[in-house]
Amino acid sequence: MSPRSHLVLRLVGVAFHYEPSRPLFRGLNLHLHTGWTGIVGPNGHGKTTLLRLVAGNLRPTAGTVMRSGDVAVELCPQRASACTSAVKELSLSWSPAACRLRGRLALGDDDVARWQTLSPGERKRWQLAAALYREPEILLLDEPTNHLDGNESERLLGALRAYRGLGLLVSHDRALLNGVCTSTLRVAHGAAQLTPAPYDLAKAAWDRTDAHDRTRYAEAKRRQRKQQRQLIEQRDRLAATTANRRAHKRMKNAGDREATTANRQQRVLKAEASVARRVSAVRQRVDSARRELSSAHAALPAKALGGALFVDYEPAPKPVLLRYVAERLCTGDTCVATEVQLTLRRGEHLRLAGDNGAGKTTLMRAMLNAATLPSDKLMVVPQVLSDAAIDRLMAELAALDAAARGRVLSILADLGVAPEVLLRTDAPSPGEARKLALALGLSRQVWLLALDEPTNHLDLPSIERLEMALGAYPGALLLISHDDAFAKACTDRSLVLWGAPKPPTWR
């Protein structure tokens, strides 16, 4: 694919809403050129909707989406369930480009014939390869590394780097965002902020802005308090002046001359009017300070979860929480590891790593079965929460006393779930349920947190806040995650499984 430096995508005054009372975008203006732009932001703030607006699947309620010329646009949604005509086209082609893509993404010649048996990750790779094979001028990808392990994500990274069109990429995968994107678009609260840098550099710039916003809020709060004190002082002075005037009027002597009394009254009235003007001026400054404080508060970044959550943590009384020894570790009839020996100590953070199918979840289950911890000191969050598991989580929340429930709801809010929304529903979304499970575990301050792909269904801001909380967690952590940056920030060491009958490796 030859470079297409002339490609331009413009959004002018774009607004969109599903419900008139809840607009997603208001007056959105963007000017994008050839290359990859990463799109990040909280769930529910319009990232996928923005892709659909660009693709033409949705029409803006106001404004215009403009593309340079008659260009082909390809949208890859999050789910890749159907075997599309584009997938079949790629599977039947023996052109150099098709062979190169199939090889780069490790696609099998018989995959399409057994489509229904393919894993979600295999289907995702076919979906992405088919889109790249068509060489659209504009390529839109929604969470392309969902269900992909580390090696598969590396293959995709190479394929996306070879693309020479204009690409928009919604993702919470920081390695992917940093590896292919030259600009990053932060979408939140009806607006979009474009920064001409990969994600990490863009986030550093946003963090500096956030720090400025916190300082601005603190200063606005200080000024508002100062003006409020001055208003109280001036009101007290006005009340005293008014009381003084009335007292003089009541204490008038019979011998007082009319002119003297009138002069005294005039001076008192002038003083009272002067104080009243000062009260009015200070009141205006108070109103201005309140508006400034409100504006500064609206710009404040979300609070980050961190070590302050665990100031009263009580560690496990024994230094070793569990030991696991096995000659062979098997999933079904397949041996995935031999000579497994490990000890998990109090406060240790351990990652189980390896490709899809290597036996990570199998090993985690075996380790937990070997543990002899009290049930209230262990929290397990599996990769997929069943409906029954979600019901148990909601029942556990409802059974908490007011103080404990408030603590859980506070953590939930920090993870990006509005407590009032969760309390109103009997069927939380997968992301809300996962955050509830994490909040319950963090608030309960268990001795061992066992998390299997905890970042599934979480947006990038939530992942980064959870990363801080788990990194500061004083209890033991047993973690399975394909997100290398997340895992490195949360764990001390890794045990790598190879999916073959051989011992795992420590890192």
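In which hand does α11 pass α13 where the two cross? The crossing is right-handed, a crossing being called right-handed if the near helix is turned clockwise from the far one by less than a right angle, and left-handed if anticlockwise. Before we go further, a word on the model: it is predicted, so local features need pLDDT of at least 70 and side-chain atom pairs count only at pLDDT 80 or more, while totals for chains, interfaces and linings use all residues. Residues are numbered from 1 along each chain as its sequence is written, and side-chain values use heavy atoms, with hydrogens and water left out.

Let us stay with that helix pair for a moment. Helices (H or I, at least four residues) and strands (E, at least two) are DSSP runs, numbered from the N terminus. The axes of α11 (residues 402-414) and α13 come within 9 Å and cross at roughly 130°. Here axes are lines fitted to C-alpha atoms, for helices over the stretch in contact, and angles run from 0 to 180 degrees between N-to-C directions. The two helices are therefore oblique to each other; angles under 35 degrees count as roughly parallel, over 145 as roughly antiparallel, 65 to 115 as roughly perpendicular and the rest as oblique. On the α11 side, R407, V408, I411 and L412 make the contact, and they meet K435, L436, A439, L440, L442 and S443 of α13. Contact means heavy atoms within 4.5 Å. Seven of these residues are nonpolar, one is polar and two are charged. In this division Ala, Val, Leu, Ile, Met, Phe, Trp, Tyr, Cys and Pro count as nonpolar, Asp, Glu, Lys and Arg as charged, and the others, Gly among them, as polar.

Helix α13 (residues 430-444) also packs with α10 (residues 387-399), at an angle of about 45° and with the axes 10 Å apart. Once more the helices are therefore oblique to each other, but the crossing of α10 and α13 is left-handed. From α10 come I390, L393, M394, E396 and L397, and from α13 A433, L436, A437, L440 and R444. Eight residues of the contact of α10 with α13 are nonpolar, none is polar and two are charged.

Now turn to the strands, where two strands pair if DSSP finds at least two bridges between them. Three strands make an open sheet in the order β2-β1-β4, with antiparallel pairing. At the edges stand β2 (22-33) and β4 (62-67), each with a single partner strand, so one side of each has no neighbour in the sheet. On average, neighbouring strands of this sheet are turned by 25° against each other, direction ignored. Strand β1 (residues 8-19) is joined to β2 by eight antiparallel bridges, and a hairpin of two residues links β1 to β2. You can follow the register by eye: V8 stands opposite H33, and R10 stands opposite H31. Across β1, β2 and β4 lies helix α1 (residues 47-55), running at about 120° to β1.

A second open sheet has six strands in the order β5-β6-β7-β3-β8-β9, and its pairing is mixed. Its edges are β5 (73-76) and β9 (191-195), each with a single partner strand, so one side of each is left without a neighbour in the sheet. From one strand to the next the twist averages 15°. Four bridges join β5 to β6 (residues 138-142) in parallel, with C76 opposite L141.

Strand β3 of this sheet deserves a closer look. G35 lies in β3, and its C-alpha is 6.7 Å from that of R164, although the two residues are 129 apart in sequence. Leaving aside neighbours within four places in sequence, G35 is in contact with G165, L166 and G167. What about aromatic rings? The structure holds four aromatic pairs, where rings of Phe, Tyr and Trp (its six-membered ring) pair if their centres lie within 6.5 Å, and planes under 30 degrees apart count as stacked, over 60 as edge-to-face and the rest as tilted. In one of them, W36 and Y163 have ring centres 5.3 Å apart and planes at 50°, so the pair is tilted. W36 lies in β3 (residues 35-40) and Y163 in the loop between α5 (150-161) and β7 (166-170), so the pair ties together parts 127 residues apart in sequence.

Finally, find β10 (residues 320-331) and β11 (residues 334-345), which pair in the antiparallel sense over ten bridges. V320 has R345 of β11 as its bridge partner. In their hairpin, with two residues between the strands, G332 takes a positive phi near 65°.
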